[in-house]
Amino acid sequence: MAWAAVVLSASLAGAADPNGWRGFKWGMTQQQATQSGAEPYVDAAGEKHFGLSSVELHPGKTFQVHLEFFSHMGLHSVHVILAPQPDCAREVYETFLNDFREQYGKEMESRNLDYPNARYRSHDWIAGSTKIVLHHGCPKPGKTTATQPTTHIWYEKRRHTEPWNR
């Protein structure tokens with residue numbers, strides 16, 4: 001798949017498309033991304049990013065889309081991050097996991113990390129020249145951690161396409 005938009009569109013087919021954000025393509029410049037609606041913004045932690053500060057991909061759940069560029073290859077990664085939630089948003093994670101498994105089959109790699117205060121799960125797929133990682137982390141009931149619950153998807157442009165994925 002040559003375009004990030006192909007993967008994003010397919011995996012999030014029911015989601016709204018404000019400003020035509022599915023028009024983001026691998027290799028596009030930051031200026032081209034601006035024409036598709038991307039702009040600088042500051043997240044809840046005070047970090048500066050470039051992308052979209054608010055996209056609803058799951059009913060009632062707001063995500064931020066961070067775009068990352070390399071000067072020699074343009075857009076190379078897209079991070080879709082669920083805005084901070086007071087709860088674990090497990091249903092969002094399960095929805096994405098089921099959608100990705102339906103679309104791409106069983107993940108190529110899966111991690112299930114069980115710590116004393118938190119649990120982290122991660123799943124990886126390769127779709128053409130795109131690596132997709134779904135990540136979910138959540139404190140255990142009654143436990144406190146230094147991090148908030150997290151659900152995010154990371155799309156990364158790969159330099160090559162595996163022969164079985166062409």
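**Entry 1: strands 6 and 7**

I started with the pairing of strand 6 and strand 7 (residues 130-139) in this predicted model. The two strands run antiparallel and share 10 bridges. I looked for one pair across them and found Y120 opposite G137 of strand 7. Two residues separate the strands, and together they make a hairpin. In that turn, G128 has a positive phi of about 65°.

Next I checked how covered strand 6 (residues 118-127) is. Eight of its 10 residues are buried.

**Entry 2: the other side of strand 6**

I then turned to strand 5 (residues 109-114). Strand 5 is antiparallel to strand 6, with six bridges between them. Here D114 faces R119 of strand 6. This connection is also a hairpin, with three residues joining strand 5 to strand 6.

**Entry 3: the whole sheet**

In what order do the strands stand in the sheet? I read it as 1-2-3-4-8-7-6-5, eight strands in an open sheet with antiparallel pairing. Strand 1 (39-42) and strand 5 are the edges. Each has a single partner strand, so one side of each lacks a neighbour in the sheet. I also noted the turn between neighbouring strands, which averages 25° with direction ignored.

Helix 3 packs on this sheet. I listed the strands that helix 3 touches: strand 2 (48-58), strand 3, strand 6, strand 7 and strand 8. The direction of helix 3 makes about 25° with that of strand 6.

**Entry 4: strands 2, 3 and 4**

I moved along to strand 2 and strand 3, which are antiparallel and joined by five bridges. G51 has H66 of strand 3 as its bridge partner. Their hairpin has two residues between the strands, and G60 takes a positive phi near 75° there.

Strand 3 (residues 61-70) also pairs with strand 4, again antiparallel, over eight bridges. I picked out two pairs. E68 is bridged to S77 in strand 4, and F63 stands opposite L82 in strand 4. A hairpin of three residues carries the chain from strand 3 to strand 4.

**Entry 5: the disulfide**

How many disulfides does the whole structure hold? My search found one. C88 and C138 form the disulfide, with their sulfur atoms 1.2 Å apart. The torsion about the S-S bond is about 80°, so I logged this disulfide as right-handed. It links distant parts of the chain, 50 residues apart. C88 is in the loop between strand 4 (74-82) and helix 3 (90-104), while C138 is in strand 7.

Are the two cysteines buried or exposed? C88 is partly exposed, because its relative accessible area is 22%. C138 is buried, because its value is 13%. The cut-off for buried is under 20%.

**Entry 6: H136**

I stayed in strand 7 and looked up H136. H136 counts as buried because its relative accessibility is 2%. Which side chain does H136 meet in a polar contact of 2.8 Å? The partner is the side chain of T151. I then listed what H136 touches beyond four places in sequence. Among the residues are C88, A89, R90 and Y93. R119, Y120 and R121 are also included, as are T150 and T151. So C88 turns up in this list, and C88 is also one end of the disulfide.

**Entry 7: I153**

My next stop was I153 in strand 8 (residues 150-157). I153 is buried, because its relative accessible area is 0%. I153 and L134 are 19 residues apart in sequence, yet their C-alpha atoms are 4.6 Å apart in space. L134 is among the residues that I153 touches beyond four places in sequence. The list also includes V78, H79 and V80, as well as F96 and F100. I132 and V133 belong to it too.

**Entry 8: confidence**

I finished with how far to trust the model. The mean pLDDT of the protein is 81, and 81% of its residues reach 70 or more. Where is confidence lowest, and where is it highest? The low end is helix 1 (residues 4-11), at a mean of 48. The high end is strand 1, at 94. Over residues 1-7, pLDDT stays under 50. The model still has 23 contacts beyond four places in sequence for that stretch. Where pLDDT is low, the predicted coordinates should not be read in detail.

Methods. Residues are numbered from 1 along each chain as its sequence is written. Side-chain values use heavy atoms; hydrogens and water are left out. Buried means under 20% relative accessible area, exposed over 50%, partly exposed in between (1.4 Å probe, protein chains only). Helices (H or I, at least four residues) and strands (E, at least two) are DSSP runs, numbered from the N terminus. Two strands pair if DSSP finds at least two bridges between them. Contact means heavy atoms within 4.5 Å. A disulfide is a pair of cysteine sulfur atoms within 2.5 Å. Axes are lines fitted to C-alpha atoms, for helices over the stretch in contact, and angles run from 0 to 180 degrees between N-to-C directions. pLDDT is the predictor's confidence in each residue, from 0 to 100. A polar contact is a pair of N or O atoms within 3.5 Å; within protein, one must be able to donate a hydrogen and the other to accept it, and residues adjacent in sequence count only if both atoms are side-chain atoms.
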